[in-house]
Amino acid sequence: MNFKRILKQLIALLILTGLVLSCTYFVNNTEKATIPVVDTIIDFNSVDVFPLFPSCDSIPSEEKQKICSQIKLSEQLYASLLSYNLVISEKINDTIFIKLHVDNKGNVSLVNMKFSDLVKNQIPNIDSIVEIGVGKLPKMSPGLKRGIPVTTEFTLPIVLKN
């Protein structure tokens, strides 16, 4: 009889120990659920640092560096257009939109350009003139995304007035 009583107490003790240990199992699962999530969303449509023209990288402000690069690119393309001594029969007050590609090594190439029929009629070879001008552009510092050189495309407006 004494043996049955000890056996019952031993079984009760084992069940009680099992219950106590299972409670700590549930506590650990709730701790695992509170692991912080790391934000890894990257905007691939923008760069942290715009591609820089060689003489613009010494400017301290990134916004002023971008403006300087756009101005220097425009000046280079204007100079290329002026070197052809174009003769135009009508007045032109129009804009050419030039889409440029700067690869992760800093090489500049022409993607495409948009211009009106008036510009095409007045300057029939405008596309080849601009393409030659883009080919003469110096190597640029590539755009940066999280400190890594990346390929960048952007549109540069060139205003034509005579």
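Among contacts in the chain between residues at least 6 apart in sequence, what percentage join residues at least 24 apart? The share is 70%, and the views below show some of the places where distant parts of this predicted model come together.

**Figure 1. The whole chain, an overview of a predicted model.** Let us begin with the full set of elements: the chain has 4 helices and 5 strands. Following the sequence, they come in the pattern α-α-β-β-α-α-β-β-β. The chain counts 162 residues, and 26% of them are buried. As for confidence, the mean pLDDT of the chain is 82, and 83% of the residues score at least 70. Please keep the two extremes in mind while browsing: helix H1 (residues 2–32) has the lowest confidence, with a mean of 67, while S2 has the highest, at 94.

**Figure 2. Helix H4 and its buried side.** Helix H4 spans residues 126–135, and its buried residues are Ile126, Ile129, Val130, Gly133 and Val134. These residues lie on the same side of H4, because they cover an arc of only 135° around the axis. The spacing is a familiar one: an α-helix has 3.6 residues a turn, so residues three or four places apart point the same way. What covers the buried residues of H4? The cover includes helix H2 (62–82), strand S1 (93–102), strand S2 (108–114) and helix H3 (117–122). On the face turned away from the buried side, look for the exposed residues Glu131 and Gly135.

**Figure 3. Asp103, a buried acidic residue without a salt bridge.** Here we zoom in on the loop between S1 and S2, where Asp103 is found. Which side chain of opposite charge is nearest to Asp103? That side chain belongs to Lys139, and it is 6.8 Å away; a salt bridge would need a side-chain nitrogen within 4 Å of a carboxyl oxygen. Backbone nitrogens do come within reach of the Asp103 side chain. The backbone nitrogen of Lys105 lies 2.9 Å from one of its polar atoms, and the backbone nitrogen of Asn107 lies 2.8 Å from a polar atom of the Asp103 side chain. Leaving aside residues up to four places away in sequence, Asp103 touches Pro142, Val150 and Thr151.

**Figure 4. Lys145 and Asp48, one of the 3 salt bridges in the structure.** The side chains of Lys145 and Asp48 meet at 3.8 Å, N to O. Lys145 lies in strand S3 (residues 143–145) and Asp48 in the loop between H1 and H2, so this pair ties together parts that are 97 residues apart in sequence. How do the partners stand with respect to the surface, buried or partly exposed? Lys145 is buried, with a relative accessible area of 14%, whereas Asp48 is partly exposed, at 41%.

**Figure 5. Glu153 and Lys99, a salt bridge between strands S5 and S1.** The side chains of Glu153 and Lys99 meet at 3.6 Å, N to O. Distant parts of the chain are linked here: Glu153 sits in strand S5 (residues 152–161) and Lys99 in strand S1, 54 residues apart. Glu153 is partly exposed, with a relative accessible area of 43%, and Lys99 also counts as partly exposed, at 29%.

**Figure 6. Lys120 and Asp127, a further salt bridge.** In this view the side chains of Lys120 and Asp127 meet at 3.8 Å, N to O. Lys120 is partly exposed, with a relative accessible area of 29%. Asp127 is partly exposed too, with a value of 33%. As a general reminder, side chains of opposite charge can pair when their charged atoms come close.

**Figure 7. The loop between S3 and S4, with Arg146 and Gly147.** Two residues deserve a look in this loop. Arg146 has a phi near 55°, a positive value in a residue other than glycine. Arg146 is exposed, with a relative accessible area of 54%. Gly147 lies in the loop that leads from S3 to strand S4 (148–150), and Gly147 is exposed as well, at 60%. Where the chain returns to Asp48, the C-alpha atoms of Gly147 and Asp48 are separated by 8.0 Å, although the two residues are 99 residues apart along the chain.

Notes. Residues numbered from 1 in each chain as written. Predicted model: local features only at pLDDT ≥ 70, side-chain atom pairs only at ≥ 80, totals over all residues. Heavy atoms only, no water. Buried < 20%, exposed > 50% of the residue type's maximum accessible area, 1.4 Å probe, protein only. Arc of directions from axis to C-beta. Contact = heavy atoms within 4.5 Å. Lys, Arg positive; Asp, Glu negative; His and termini not counted. Polar contact = N/O pair within 3.5 Å; in protein donor to acceptor, adjacent residues only side chain to side chain. pLDDT = per-residue confidence, 0-100.
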